[in-house]
Amino acid sequence: ALSVILAPSATQAGGRPDLSRDLRREAKSDEPVTFPSPAVTSINQGEEDAPAVPSLRTHSGAKPSLHVLAWYYPQFYHFPENDVLGANYTEWSNFETCPERNFLGDVIKKPSTLGFYDLRNRTVRSEQAKLAQTHSVDGFIYYHYWLNNRPVMNEVLDLRIIDGEPALPFAVAWANEEWQRQSLFPLCNASREHFEYLLPFFKHADYITINLKPIFLVYRMDVLTKCEKEHGLDYLGELQRYARQSGLPHGLHVLQCLSHNGFNTVLDPRVAGGVEFSLPISRPTACLATSRHATAILSAVRPPVFVSGAAEVPDWEEVHRGGLVGWDPTPRYHAPGESPPKGLVEQADWSSARFCTVTRHRLEQVVCDSNPHGINLYVLFAWNEWGEGAALEPNTWNGAQYLECVRTAVEGVRAGMRACASEADLRQSAMCSGTDLPTQLCQAHHTGGGYTQQGPSHLARTRSLE
């Protein structure tokens with residue numbers, strides 16, 4: 001039996017709070033929107049001067065900055081749409097019959113410090129914020145599910161702006177994939193209702209912005225563009241129009257997820273740029289020679305499929321990198337007759353030592369190949385994807401070592417940044433000149449399959465911090 005931290009009992013018909021109705025009512029308010037003053041983060045700022053909930057915002061002439069985020073899975077509680085998966089089903093239900101090891105012999109990681117929690121419990125989310133803050137994780141990106149033209153699995157996201165926990169900067173990503181067993185689909189013919197649900201989040205003081213634009217991520221651009229084409233719609237354009245009409249004069253800063261696993265390869269010229277969602281699963285520790293141009297970052301994707309049959313890749317100048325904490329979806333695929341996903345075919349090194357090394361190198365790539373506006377996000381998969389073996393939260397296998405790796409890497413890179421008085425000094429520093437990067441480590445893990453043979457020192461020599 002699992003030890004579960006119970007959530008508050010405030011529920012309505014159907015067994016869960018109906019929070020989104022009040023949020024949508026708030027979204028229609030005619031009250032003027034007041035933007036909080038941007039908190040400017042300088043690369044020379046001391047750690048003791050950092051605000052408790054830092055704003056991820058830029059200003060004219062900003063020096064490169066580094067912000068580490070993590071994907072946040074807002075499940076781990078029961079809601080009616082999942083009854084088809086079993087009575088009172090939650091993500092933790094998969095662990096009740098899960099083996100101790102996967103078919104490769106690796107230990108299945110389970111939560112330790114926080115236990116098998118219910119995310120509706122405010123105390124749990126407060127503890128998550130404390131863990132993140134003390135280990136240099138600056139914020140969360142919540143998966144947001146808008147299916148059949150309504151919010152689904154939304155209670156934890158709703159609670160973020162109702163009770164303020166976890167008290168960290170946050171953003172949302174539309175996880176627009178269908179739920180076949182629940183007959184739920186990411187439709188694209190109710191953009192107004194979708195925007196009205198999202199508006200209170202976009203207006204929240206802790207919401208992550210770039211150039212005063214709330215960021216909004218789209219997970220499957222291929223799914224969205226296909227739906228738009230079928231219905232003759234411009235969904236993203238409609239969201240931008242509603243934003244400007246609703247007190248967000250600069251609109252939205254839309255980013256799309258970039259994957260290296262054979263799907264999600266549509267590149268949309270309407271968005272500001274991309275966010276690496278995960279590294280190639282079969283080569284999880286590879287140091288990809290990415291750059292801020294989509295042409296380079298998607299060179300490893302096969303086949304290259306672009307929006308509307310465009311002959312050219314959009315000339316983005318903004319790409320935010322990402323990292324992979326682990327990958328083992330055995331808890332979701334261990335029943336008789338179920339096959340493990342392709343990513344489990346090859347043995348992988350998920351040790352904390354390996355994660356520490358790769359995270360440090362990837363963070364150096366981020367600051368040495370800065371986005372032009374100076375804001376650089378590094379997004380880790382994931383904070384709490386326990387069902388897929390990707391969790392920064394402390395586990396029963398190696399404790400809090402993944403979090404310690406992040407803190408050590410971030411502190412080291414930020415110390416190198418503070419030591420530089422200017423961008424020119426940063427470009428010429430040992431951290432960015434290539435002399436301090438063991439590129440052989442990266443090259444050893446690029447063994448074909450379309451991946452470049454160059455390591456991060458190649459980036460440092462050929463890219464600038466314009």
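This passage looks at the disulfides of a predicted model, and then at one of its helices.

A disulfide is a covalent bond between the sulfur atoms of two cysteines. Going by sulfur atoms within 2.5 Å, the count here comes to two disulfides. One of them joins Cys188 and Cys227, with the sulfur atoms sitting 2.1 Å apart. The link between Cys188 and Cys227 is left-handed, with -90° about the S-S bond. Cys188 sits in the loop between strand S4 (170-174) and helix H4 (191-203), while Cys227 belongs to helix H5 (residues 221-231), so this pair ties together parts that are 39 residues apart in sequence. As for surroundings, Cys188 is buried at 2% relative accessibility, and Cys227 is buried with a relative accessible area of 10%.

The other pair is Cys356 and Cys405, whose sulfur atoms are 1.9 Å apart. The torsion about their S-S bond is about -75°, so this disulfide is left-handed. Here it is two helices that get linked: Cys356 lies in H8 (residues 352-368) and Cys405 in H9 (residues 401-418), so the bond ties together parts that are 49 residues apart in sequence. Cys405 is buried, with a relative accessible area of 3%, whereas Cys356 is partly exposed at 29%.

Two other cysteines are worth a quick look. Cys98 is buried, with a relative accessible area of 8%, and Cys257 is buried at 0%.

Now for the helix. H3 (residues 155-162) is mostly covered, with seven of its eight residues buried. Among them are Val156, Leu157, Leu159 and Ile161, along with Glu155, Asp158 and Arg160. After H3 comes Gly164, which has a positive phi, near 80°.

Methods
Residues numbered from 1 in each chain as written. Predicted model: local features only at pLDDT ≥ 70, side-chain atom pairs only at ≥ 80, totals over all residues. Heavy atoms only, no water. Buried < 20%, exposed > 50% of the residue type's maximum accessible area, 1.4 Å probe, protein only. Helix = DSSP H or I, 4+ residues; strand = E, 2+ residues; numbered from the N terminus.
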